[in-house]
Amino acid sequence: MSRPLYRTRVKFCGLTRPGDVRLAGELGVDAVGFVFAPASRRRVEIDAAAAMTHALAPLVDSVALFMDNAADEVREVVRQVKPALLQFHGNEDDAFCRSFGVAYIKAVPMGGGDALDPLSLHSRYPAASAFLLDGHAPGAAGGEGHLFDWASVPKGMTKPFLLAGGLTPDNVFDAVVATLPWGVDVSSGIEVEGDPGVKDGARMRRFVEEVRRADCD
Ligand SMILES: O=C(O)c1ccccc1N[C@@H]1O[C@H](COP(=O)(O)O)[C@@H](O)[C@H]1O
């Protein structure tokens, strides 16, 4: 399939350091994610995330990630961090996700082995801006580098989808060519080994280069 002038969006997730946020912007990344999921090893405090937004380059979005957080906490993040998008990884329904007045992405676990039915997904989350197809199993958290079979990405997605789960600078070229996603989302694949939340500048750079190479393919 030819994709003239197509640009795959890139989101770096689980940032915990202002310097990584700054570098993401310099590399031309479209969005950075701050994790508020309760049990995450990359969870940041609300005031730390708000401070990191000052390191965002112009035209780079911030995304706040949740997994079954209480509504009050989501509201407080929205108030203080002012994210452009919310990303939900738990059992939140459409009414909950859209109740904060901020566009949202719904994560879909692809690691359970069941075929994904795009029609039922779209009808369960009619207000979602996009879906994030992630490699973890249903009920599990993301950010653990779990790949899934890209052949299971359904063809009939009428909303944009982000591909996630186990992406690295070494496989993202193949991932983009195989699935033609709206965007890709990565966390552990651009980190310093064994240090969740600490991104590796060289891996960040190579990840973006590989996405751009795929866009020219
Ligand atoms: O990053 C986390 O700690 C996290 C916690 C709970 C839900 C989702 C989480 N991260 C998301 O998972 C994807 C895939 O991560 P990886 O690249 O496989 O490490 C990541 O893009 C985050 O959006």
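Here is a short chat about how some labels on this predicted model are earned.

Me: Before we start, what should I know about the numbering and the model?
Reply: Residues are numbered from 1 along each chain as its sequence is written. The model is predicted, and local features need pLDDT of at least 70, side-chain atom pairs count only at pLDDT 80 or more, while totals for chains, interfaces and linings use all residues.

Me: What is the mean pLDDT of the protein chain?
Reply: The mean is 93, and 98% of the residues reach 70 or more; pLDDT is the predictor's confidence in each residue, from 0 to 100. The model also scores ipTM 0.97 and pTM 0.95.

Me: Thanks! Why is Asp47 called exposed?
Reply: A residue is exposed if 12 or fewer other C-beta atoms lie within 10 Å of its own, buried if 20 or more do, and partly exposed in between, with C-beta atoms placed from the backbone. Asp47 has 10 such atoms, so it is exposed. Asp47 sits in helix α2, and its C-alpha is 7.4 Å from that of Gln80, 33 residues away in sequence.

Me: Why is Ser152 called partly exposed?
Reply: Ser152 has 13 other C-beta atoms within 10 Å, so it is partly exposed. Ser152 belongs to the loop between β6 (130–134) and β7 (161–164). Helices (H or I, at least four residues) and strands (E, at least two) are DSSP runs, numbered from the N terminus.

Me: And why does Lys82 count as exposed?
Reply: Lys82 has 12 other C-beta atoms within 10 Å, so it is exposed. Lys82 is found in the loop between α3 (71–81) and β4 (85–88).

Me: What is notable about the phi of Lys82?
Reply: Phi of Lys82 is near 55°, a positive value in a residue other than glycine. Most residues other than glycine have a negative phi. Leu59 also has a positive phi, near 70°. Leu59 lies in the loop between α2 and β3 and, with 8 C-beta neighbours inside 10 Å, counts as exposed.

Me: Let's turn to β2. What makes it mostly covered?
Reply: Five of the five residues of β2 are buried. Ala31, Gly33 and Val35 are buried on one side, and Val32 and Phe34 on the other, so both faces are covered. In a regular strand the side chains alternate between the two faces of the sheet.

Me: How do you know that β2 pairs with β1 and with β3?
Reply: Two strands pair if DSSP finds at least two bridges between them. Strand β1 (residues 9–13) and β2 have three bridges, in the parallel sense, and β2 and strand β3 (residues 61–66) have five, also parallel. Cys13 has Gly33 of β2 as its bridge partner, while Ala31 stands opposite Asp61 in β3.

Me: What makes a β-α-β unit right-handed?
Reply: With the strands pointing away from the viewer, the path from the first strand over the helix to the second runs clockwise. One such unit is β1, helix α1 (residues 18–26) and β2; another is β2, helix α2 (residues 46–52) and β3.

Me: How many residues surround the ligand?
Reply: There are 27, and the closest are Ser40, Gly142, Gly143, Ser187 and Ser188. A residue is near a molecule if its C-beta atom, placed from the backbone, lies within 6 Å of it. The elements giving two or more residues to this shell are β2 (31–35) and β8 (183–186).
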